[in-house]
Amino acid sequence: MYKKIITVFAVSLVMGNAYAQSSVTLSGIIDGGLSFTNGVGATDKNQWAYGQANLVVSRLIFSGTEDLGGGTAALFKLESGFLSGNGKMTNSGQPTSQGSFLFDRGAWAGLRKDDLGILSFGRHYTPFIEVLYRTDASGFENFGSVANTVFQTRTGFNGFQYTWANNSVKYQTPTIYGLSASVLNSFGGTAGDFQNQREVSAAVYYTLGPVSLNAGYIDGNDPTGLTDGTVARAYTVFLAYTGSMFKGSLNFQNFKDPATGSNQDYYSVGGRYDITPSLRLVSDYTYLSDRVNIERNGCFFKLGVHYLLSKSTDLYTEAGLSRNNAQGTLGISSTSPASAGINQRSVVTGVIHFF
């Protein structure tokens, strides 16, 4: 009961600010549908299910800007994920016994100066993950895209830790002649030990006409705080071409765990083609090469059709498959890796609404 009161109080404060300040915006996404997957679990079973987040995670977003004059503005953003099937919060992927996370998808405040960039403080998306979702031509979806990679590595970080950084300071430069960058440092907060649970990430973006070349890096120490050792280190390079009807992308990622010696490469090709303003095709092919053990290699492919009823409503159907060597665990859905050596085939269909 106490947690519910605190949650209602926090939301009331946000809504009170939204009422008082005209610059505050409430927006969000809802994704719901059905899914069928063959190759679930070690017994290779079929599964029909409600698709809580077939392609994207449903969320509520509060954001705001206050003009301070002289090209300076104060900014904030609060983002909370929820499951469309039952209304529960996604809670940063943690069981409620580990605590309640109201704004698990980000909570930060900062200042922007037109000619200097943005400096912000709080829980941020990492620059590494921003390179992936800003560049991926297939849409950085939960189904069959480069979003799978961060959730299916063999490092000491899970996908949520690659995606968000707590207690962090982030700086984003302005764009100058097509070039921009961002850098982040996450503080562990342990007295006398600056390295404990520390995380750093950076990204560089360059755009020349329809072509963009982006790169990202992340380095994270043991998130449990038991050691100061680095357990996750990754980098990515993304090349993309964006035309009026077509977008294509090439991606390379490497994930290492220096503590265990794990070392994996991912190679991805993604595409999006607008047949008409309302009808879109998306596709992705990703190959995993394990540098330590080739029996862990795998790949997945997906093809999707989207029909845009409006700018805010998207009807979709996507189909994909993953294939694994004897010890490979690559799954077609980002948060659902396969059991060792099991191949998966899956179809998802549903509707996404943006508001």
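## Salt bridges and paired strands

R280 is partly exposed, with a relative accessible area of 24%. This value, like every other value in this report, is computed from a predicted model. R280 forms a salt bridge with D274, and the closest N and O atoms of the two are 2.6 Å apart. D274, for its part, has a relative accessibility of 15% and therefore counts as buried, because the cut-off for that class is under 20%. Elsewhere, R59, K77, E79 and R105 are joined into one network by salt bridges that share partners.

### Pairs between helix and strand, and between strands

In general, side chains of opposite charge can pair when their charged atoms come close. A search of the whole structure finds 10 salt bridges. One of the pairs in this model is formed by the side chains of E130 and K170, which meet at 2.7 Å, taken from N to O. Because E130 belongs to helix α2 (residues 127-135) while K170 belongs to strand β7, this pair ties together parts that lie 40 residues apart in sequence. Both partners, E130 and K170, are buried.

The side chains of D219 and R233 also meet in a salt bridge, with an N to O distance of 2.7 Å. Here D219 sits in strand β10 (residues 211-221) and R233 in strand β11 (residues 230-242), so the pair ties together parts that are 14 residues apart in sequence. D219 has a relative accessible area of 11% and is buried, whereas R233, at 31% relative accessibility, counts as partly exposed.

The table lists the salt bridges described residue by residue above.

| Acidic partner | Basic partner | N to O distance |
|---|---|---|
| E130 | K170 | 2.7 Å |
| D219 | R233 | 2.7 Å |
| D274 | R280 | 2.6 Å |

### The strands around β7

Strand β7, which holds K170, spans residues 164-172 and pairs in the antiparallel sense with strand β6 (residues 117-125) over 7 bridges. Within this pairing, W164 in β7 is the bridge partner of Y125. Strand β7 also pairs with strand β8 (residues 179-186), again in the antiparallel sense, over 5 bridges. In that second pairing, N185 in β8 is the bridge partner of V169. Strands β7 and β8 make a hairpin with 6 residues between the strands, and in this hairpin Y177 takes a positive phi near 50°.

How values were computed: Residues are numbered from 1 along each chain as its sequence is written. This is a predicted model: local features need pLDDT of at least 70, side-chain atom pairs count only at pLDDT 80 or more; totals for chains, interfaces and linings use all residues. Side-chain values use heavy atoms; hydrogens and water are left out. Two strands pair if DSSP finds at least two bridges between them. Helices (H or I, at least four residues) and strands (E, at least two) are DSSP runs, numbered from the N terminus. A salt bridge is a side-chain nitrogen of Lys or Arg within 4 Å of a carboxyl oxygen of Asp or Glu. Buried means under 20% relative accessible area, exposed over 50%, partly exposed in between (1.4 Å probe, protein chains only).
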